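Dear colleague,

Please find below the structure I am handing over to you. My findings follow it.

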Amino acid sequence: MWRIKRPDLDNSKCTKCHLCWLFCPEGVVRRGSRGEVWIVYEFCKGCGICAEVCAARAITMVREV
Ligand code: SF4
Ligand code: SF4
């Protein structure tokens, strides 16, 4: 695994604005039928853009263990 950090998404803080979905360059943020979002970690590159655009600070970049 070459990724140093991965985005940790706290759904209790998420306002379902979908900016992370819009800006993720890899298209690995997915949206559910109720507006919920989740990340497909298999293809996430750990760039941190989703965390940067999240005004609700629902996404935190954490080090891979
Ligand atoms: S940018 Fe943040 S608040 Fe908006 S959908 Fe993504 S995780 Fe939720
Ligand atoms: S860290 Fe980058 S690649 Fe991974 S979900 Fe966020 S924006 Fe997409």
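How many helices and how many strands are there in the chain? The chain holds two helices and four strands. Starting at the N terminus, these elements follow the order β-α-β-β-α-β. Please note that this is a predicted model, and that every value below is computed from it.

Overall dimensions

The radius of gyration of the chain is 11 Å, and a compact globule with 65 residues would have a value near 11 Å, so the two agree. Along the principal axes, the C-alpha atoms occupy a box of roughly 30 × 20 × 15 Å. Of the contacts with a separation of 6 or more, 60% are accounted for by residues that lie 24 or more positions apart.

Surface and charge

Buried residues amount to 29% of the 65 residues in the chain. The accessible surface is about 4,600 Å², and carbon and sulfur atoms contribute 53% of that area. As for charge, the chain carries 11 positive and 7 negative charges, and the mean positions of these two sets are 2 Å apart.

Cysteines

Is Cys 50 buried or exposed? Cys 50 is buried, because its relative accessible area of 8% is under the 20% cut-off. Cys 17, by contrast, is partly exposed, with a relative accessible area of 46%. The count of disulfides in the model is zero.

The loop between E1 and H1

Two residues of this loop deserve a separate note. Lys 16 lies in the loop between E1 and H1. His 18 also has its place between strand E1 (5–9) and helix H1 (19–23). Most residues other than glycine have a negative phi. Phi of Lys 16, however, is near 60°, a positive value, and phi of His 18 is likewise positive, near 70°.

The accessibility of each of these residues can be stated as well. Lys 16 is partly exposed, since its relative accessible area is 43%, which falls between the limits of 20% and 50%. His 18 is buried, with a relative accessible area of 18%. Which residues does His 18 touch, leaving aside those up to four places away in sequence? The residues in question are Arg 31, Gly 35 and Val 37.

Helix H2

Ile 49 belongs to helix H2, which covers residues 49–53. The relative accessible area of Ile 49 is 32%, so this residue is classed as partly exposed. When residues up to four places away in sequence are not counted, Ile 49 touches Phe 23 and Pro 25. Between Ile 49 and Val 28, which are 21 residues apart along the chain, the C-alpha separation is 12 Å.

In reading the model, you may wish to begin with the loop that holds Lys 16 and His 18, as both residues have a positive phi.

With kind regards

Note on methods
Residues numbered from 1 in each chain as written. Chains lettered and ligands numbered in written order. Predicted model: local features only at pLDDT ≥ 70, side-chain atom pairs only at ≥ 80, totals over all residues. Heavy atoms only, no water. Rg over C-alpha atoms; globule rule 2.2 N^0.38 Å. Buried < 20%, exposed > 50% of the residue type's maximum accessible area, 1.4 Å probe, protein only. Contact = heavy atoms within 4.5 Å. Areas by Shrake-Rupley, 256 points an atom, 1.4 Å probe, with all protein chains shown as cover. Lys, Arg positive; Asp, Glu negative; His and termini not counted. Charge placed at Lys NZ, Arg CZ, Asp CG, Glu CD. Disulfide = S-S within 2.5 Å.
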